[in-house]
Amino acid sequence: EPNGVESDRATTSTSQFPTMSPSIMTSDATLSRASTHESSLTDLGEPLDASQVVTTWSLRAPRANATYLRAAFRAVVDESSQLPPDQRLIMYDACDDQEIVANLGSCLRKRIDGRRNTKPKKPNEQMLVCTPFDPAAFNFTKINNPREKLLKLKFSTGSNYEVLTNKFPLFPGHMLLVANELVPQQMRPCHLLAITELLQGCSGFSAYFNSWCASASVNHFHVHLIDEQPPVTHYPLVPGPHVRGQRCLQPEGFPGFCYVFEVTQLELVGEVVLAMQRDNQPHNALFTGRFIYLFPKPLQRPERSFELYPETVGGPELIGSFTVYERADYDAITIQTAEELTRMNTAPLPTRLLNRAALHSTPAISGVDDSGLGDLITARHRIPGVPGKIPASRTVDFARHGSCQSLMSLLASQPSVCAA
């Protein structure tokens, strides 16, 4: 009888599963796990390779990732220095012994670097922040030299980006993060997620963004990756106004309009950016490991700005660094000049966003007069009973706060966020 029982069990077992031919039967030793997230864990100790797509960026050690970026940038700078100017991928090191720089107080600085004057000028016909992508114009996919591509990344959202060299750097380790998709220079939730994941994975770096009509020169999505926490992050952060019902922060003492959000408020940032796009309001932004600084701009560039400063005031200037090419212009920049330039080249957010009860989406409203907000919202705004200064920006491990999953939910709810 025991033998009969065993026989019945064997019969039952084999009848429950399909019979597999020897040609498709595979041993455990040869089973592939390449398509699983767990399989990529074995690659974390491997050195990064510019020719391979990195899918484990956020799982790798941030210091190791930062070291790779610095080494890759430095290698191209050194190679370029041995070549004629017309063959260089990076024309110069922005922070070499030819740079002349001086602080303007503790949170601003001025620089003179005539070498950047050889950079092609920005197009003057920029009229719409949401200008469609033009495949006939220059875009970053037209780059042919593989040495300009320092890193290929596929983030957890599934979107692909590349880190490219920047031929005319303004900051230490100045590179570009560029979308592989042919999409215009418009911030979208997928880009916000990608920038956040990039910075959480490399210590010490930050990134700034210029919208179209706000100093961007290529209408293909990109942000500027730099190896420093720029001067504006030295301002202590204090409570600011409510934006769509949520409290934001502001840099205390900043002479213009700046709205600072925690990275955990990424969905709100996306809504604010969308509102500025709908109003055709140019804007700049700074991303650190913990905060996002938004700088709304006036709809038209003030004429006096060009009287005080020969360049368009964009992301580099609003994050605290003013660069000129001539000694006379350098000498003319004082802390008062820099503060006036910052003040006139920033503006309030659309009024409908600055409503404490604005908890739900509101359609864009045209013809709103925001000019009266200047006296109400300042960088010194304080709220009674709310704690005062918050330390200046510092990198934290965003993933440990459990917010990545909520951001992924945001992207999943908007499947076409990267559409042109």
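How many of the residues of strand β12 are buried? Keep that in mind while I introduce the chain. This is a predicted model.

First, the overall picture. The chain has 420 residues, and 49% of them count as buried. Its secondary structure comprises 9 helices and 14 strands. Now contacts. Take those with a separation of 6 or more: 68% of them come from residues 24 or more positions apart. As for surface, about 20,500 Å² is exposed, with carbon and sulfur atoms supplying 53% of that.

Back to β12. This strand covers residues 283-287, and 5 of its 5 residues are buried. Look at the two faces. His283, Ala285 and Phe287 are on one side. Asn284 and Leu286 are on the other. Both faces are covered.

Next, the partners of β12. Strand β7, residues 206-210, runs antiparallel to β12, and 4 bridges join the two. Asn210 has Asn284 of β12 as its bridge partner. Then there is β13, residues 291-296. It is also antiparallel to β12, joined by 5 bridges. Ala285 stands opposite Leu294 in that pairing. The connection between β12 and β13 is a hairpin through 3 residues.

On to a sheet with mixed pairing. It is open, has 3 strands, and reads β2-β3-β14 in order. Why do β2 and β14 each have one side without a neighbour in the sheet? They stand at the edges: β2 (100-103) and β14 (321-324) each have a single partner strand, so one side is left free of a neighbour. From one strand to the next, the twist averages 15 degrees.

Within that sheet, look at β3 and β14. Strand β3, residues 109-112, runs parallel to β14, with 4 bridges between them. Arg109 has Ser321 as its bridge partner in β14. Lys110 stands opposite Phe322. Both faces of β14 are covered. Ser321 and Thr323 are buried on one side, Phe322 and Val324 on the other.

Stay with Lys110 for a moment. Its charged end sits over the ring of Tyr330, at 4.4 Å from the ring centre.

That brings me to the aromatics. The count comes to 7 aromatic pairs. One of them is Phe138 with Phe140. Which geometry does that pair have, edge-to-face or stacked? The ring centres are 5.7 Å apart and the planes are at 80 degrees; the cut-off for edge-to-face is over 60, so this pair is edge-to-face. Burial of the two residues next. Phe138 is partly exposed, with a relative accessible area of 44%. Phe140 is buried, at 9% relative accessibility.

Another pair is Phe155 with Tyr161. Here the centres are 5.6 Å apart and the planes are at 55 degrees, so the pair is tilted. Phe155 and Tyr161 are both buried. There is also a cluster: ring pairs link Tyr235, Phe254 and Phe295.

One last stop, a loop. Where is Gln52? It lies in the loop between α1 (2-15) and β1 (53-54). Gln52 counts as partly exposed, at 48% relative accessibility. Now find Leu151. In sequence, Gln52 and Leu151 are 99 residues apart. In space, they are 7.9 Å apart, C-alpha to C-alpha.

To recap, start with β12: 5 of its 5 residues are buried. Its antiparallel partners include β7 and β13. In the open sheet, β3 runs parallel to β14. And Lys110, opposite Phe322 in β14, has its charged end over the ring of Tyr330.

Terms used: Residues are numbered from 1 along each chain as its sequence is written. This is a predicted model: local features need pLDDT of at least 70, side-chain atom pairs count only at pLDDT 80 or more; totals for chains, interfaces and linings use all residues. Side-chain values use heavy atoms; hydrogens and water are left out. Rings of Phe, Tyr and Trp (its six-membered ring) pair if their centres lie within 6.5 Å; planes under 30 degrees apart count as stacked, over 60 as edge-to-face and the rest as tilted. Buried means under 20% relative accessible area, exposed over 50%, partly exposed in between (1.4 Å probe, protein chains only). A charge sits over a ring if NZ of Lys or CZ of Arg is within 6 Å of the ring centre and within 35 degrees of the ring normal. Contact means heavy atoms within 4.5 Å. Accessible areas come from the Shrake-Rupley method with a 1.4 Å probe; for residues, only the protein chains shown count as cover. Two strands pair if DSSP finds at least two bridges between them. Axes are lines fitted to C-alpha atoms, for helices over the stretch in contact, and angles run from 0 to 180 degrees between N-to-C directions.
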